[in-house]
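The report below goes through one protein model, moving from its sheets to its domains, a helix pair, the ligand surroundings and some backbone details. Please keep the sequence and the coordinates at hand while reading.

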Amino acid sequence: LTSLDLTSRGIAELRAAHEDVRRRYQAFAERKLKLNLTRGKPSSKQLDLCNELLSLPGGDYMAGAVDTRNYGELQGLPELRAQLAPIFGVSPDRVILGDNASLALMHDAVVYSMLKGTVDSDKPWSRESRIAFLCPVPGYDRHFSICAQFGIEMIPVPMLDTGPDMAVVEQLVASDPQIKGMWCVPKYSNPCGTVYSHETIERLAKMPAAARDFRLFWDNAYAVHHLTHEHIEITNIDEACARHGHPNRAFIFGSTSKVTFAGAGVGLFAGSKDNVAWYLKQMSMRTIGGDKVNQLRHVRLFNTNGGVAALMDRHREILAPKFEQVLKTFEQHLGDSGVARWTRPKGGYFISLEVLDGCAKRVVQLAKEAGVELTPAGATHPLGKDAQDRFIRIAPSFPELPEVTQAAEGVAVCVLLAATEKLLQSHAG
Ligand code: PMP
């Protein structure tokens, strides 16, 4: 069946193909499986890698001269800042450790900018008649939810293999002073796995912006999350912005969510000296200090386990086979079908699956009815609207390998069924 391109078939062949796929779908559904590929959560096996955190820091709660049990050290323990700073390309004095997750820091950076303005703003963003952010698509739904929550207009920008389409970005940012921000996941992006090229990062740092207080929300969530032995490095955004005369342009975010515990890690904000001073000032109204006991746990864990890189190798050993299995299964079932294509990420947590226009919602619905839960179609776009109804995000990290394999087979059959339905409709039309 899949040895021929479905899109070039005549009506009779298409009917036969549809009938065949329908039977396969039925058989899959009758297995009454309960599978879930929705969210990019680490699996229990991955979380087990850091179970030592549950008994750390042990009886000794001192970090040098700092009693981690007490108030203070708003910026976070210097030892952990020193361990994490190189990953994000800044010096430890330009890192702030926040709550347990970076999403909270991104949310707060938007709120502080709205209510107080950034160091380069003439007035708080909320006093502007209109605020817009550029949103590379497909992208991360929670970025879009923050914008939606605060009435920030979202302008989609297409993703290319090299990152966001820079011709579009440069034209918009140069001409519209109400564009104040842009979401960027520069490495192993959610959901495409895209790595921003050197040229893309240089252009983002250099481009003239009509808004003096334009900010890149540089969410480097997957900085060390390699799926292959090729440890890809990207151009340092902080240095590039400084070199091009825009030292405050990047707000950098990251966390240990998918290094240690997704629910009990450490979030991080980094940037220029002025941005860090600005963030600390806002933050000092909100808290007297972060969870230094958890920060100390992390310091000790990294010190005794060969550091972050060694830990990430062990994550890769668990994760990579799951990704390989999905890719192999898609290739086997959809490879020559002409009705789907997908990304082959070298890191991160997702595969982006593209189906025939107008089929993504149908695939998700068919999968659900057959026992495979997928991220809702459209979640990869602002306001949940993928105008072409084409993108599906696949998150293979959480289920165990046999379930990942079954789920990928199920998804492939749903893609074929939705496609043959669509092609038959267009023949009829
Ligand atoms: N950014 C991106 C791009 C993500 O994919 C995720 C997790 N799915 C997050 C941020 C959330 O990170 P954290 O746990 O640090 O809030």
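In which sense do strand 13 and strand 15 pair, and over how many bridges? In this model, which is predicted, strand 13 (residues 351-355) and strand 15 run antiparallel to one another and are joined over 4 bridges. One of the residue pairs can be named: Glu354 has Phe391 of strand 15 as its bridge partner. Helix 12 (residues 360-369) packs on this sheet, where it touches strand 13 and strand 15, and the direction of helix 12 makes about 40° with that of strand 15.

The sheet to which these strands belong is open and consists of 3 strands in the order 12-13-15, with antiparallel pairing. Its edges are formed by strand 12 (340-342) and strand 15, each of which pairs on one side only. On average, and with direction ignored, neighbouring strands of this sheet are turned by 25° against each other.

A second sheet, also open, is made of 8 strands in the order 4-11-10-9-8-5-6-7, and the pairing in it is mixed. Strand 4 (95-97) and strand 7 (163-164) stand at its edges with a single partner strand each, so one side of each of these strands has no neighbour in the sheet. For strand 4, the pairing with strand 11 (residues 267-270) is antiparallel and extends over 3 bridges, and Leu97 finds its bridge partner in Leu268 of strand 11. Helix 6 (residues 166-175) packs on the sheet and touches strand 5 (132-137), strand 6 (153-160), strand 7 and strand 8 (179-184), while the direction of helix 6 makes about 150° with that of strand 6.

The domain assignment divides the protein chain into domain 1, which comprises 6-46 + 310-428, and domain 2, which comprises 63-306. The centres of domain 1 and domain 2, taken over C-alpha atoms, are separated by 31 Å. Where the domains meet, 25 residues of domain 1 are in contact with 29 residues of domain 2. On the side of domain 1 that touches domain 2, helix 11 (307-334) and strand 15 (391-394) each supply at least two residues, and helix 11 gives the most, with 7 residues. By class, this side of domain 1 holds 14 nonpolar, 7 polar and 4 charged residues.

Which helix does helix 1 pack against, and at what angle? Helix 1 (residues 11-30) packs with helix 13 (residues 401-428) at an angle of about 150°, the axes lying 9 Å apart, and the crossing of the two is left-handed. Among the residues that make this contact are Leu14, Val21, Tyr25 and Phe28 of helix 1, together with Val413, Leu417, Leu424 and His427 of helix 13. The contact of helix 1 with helix 13 comprises 12 nonpolar, 4 polar and 4 charged residues.

Around the ligand there are 13 residues, of which the closest are Ala101, Ser102, Leu103, Ser255 and Ser257. This shell contains 6 nonpolar, 6 polar and 1 charged residue. The class composition of the three groups of residues is set out below.

| Group | Nonpolar | Polar | Charged |
|---|---|---|---|
| Contact of helix 1 with helix 13 | 12 residues | 4 residues | 4 residues |
| Side of domain 1 that touches domain 2 | 14 residues | 7 residues | 4 residues |
| Shell around the ligand | 6 residues | 6 residues | 1 residue |

Some backbone details remain. Most residues other than glycine have a negative phi, and most peptide bonds are trans. The peptide bond from Leu56 to Pro57 is cis, with omega near 0°, and Pro57 lies in the loop between helix 2 (44-48) and strand 2 (62-63). The peptide bond from Val137 to Pro138 is likewise cis, with omega near -5°, and Pro138 is found in the loop between strand 5 and helix 5 (141-149). Tyr188, a residue other than glycine, has a positive phi near 50°; Tyr188 sits in the loop between strand 8 and helix 7 (198-206).

Terms used. Residues numbered from 1 in each chain as written. Predicted model: local features only at pLDDT ≥ 70, side-chain atom pairs only at ≥ 80, totals over all residues. Axes fitted to C-alpha atoms, helices over the stretch in contact; angles between N-to-C directions. Left-handed = near helix turned anticlockwise from the far one by under 90°. Contact = placed C-beta atoms within 7 Å. Nonpolar A, V, L, I, M, F, W, Y, C, P; charged D, E, K, R; others polar. Near = placed C-beta within 6 Å. Domains from an automatic or database assignment. Pairing = 2+ DSSP bridges.
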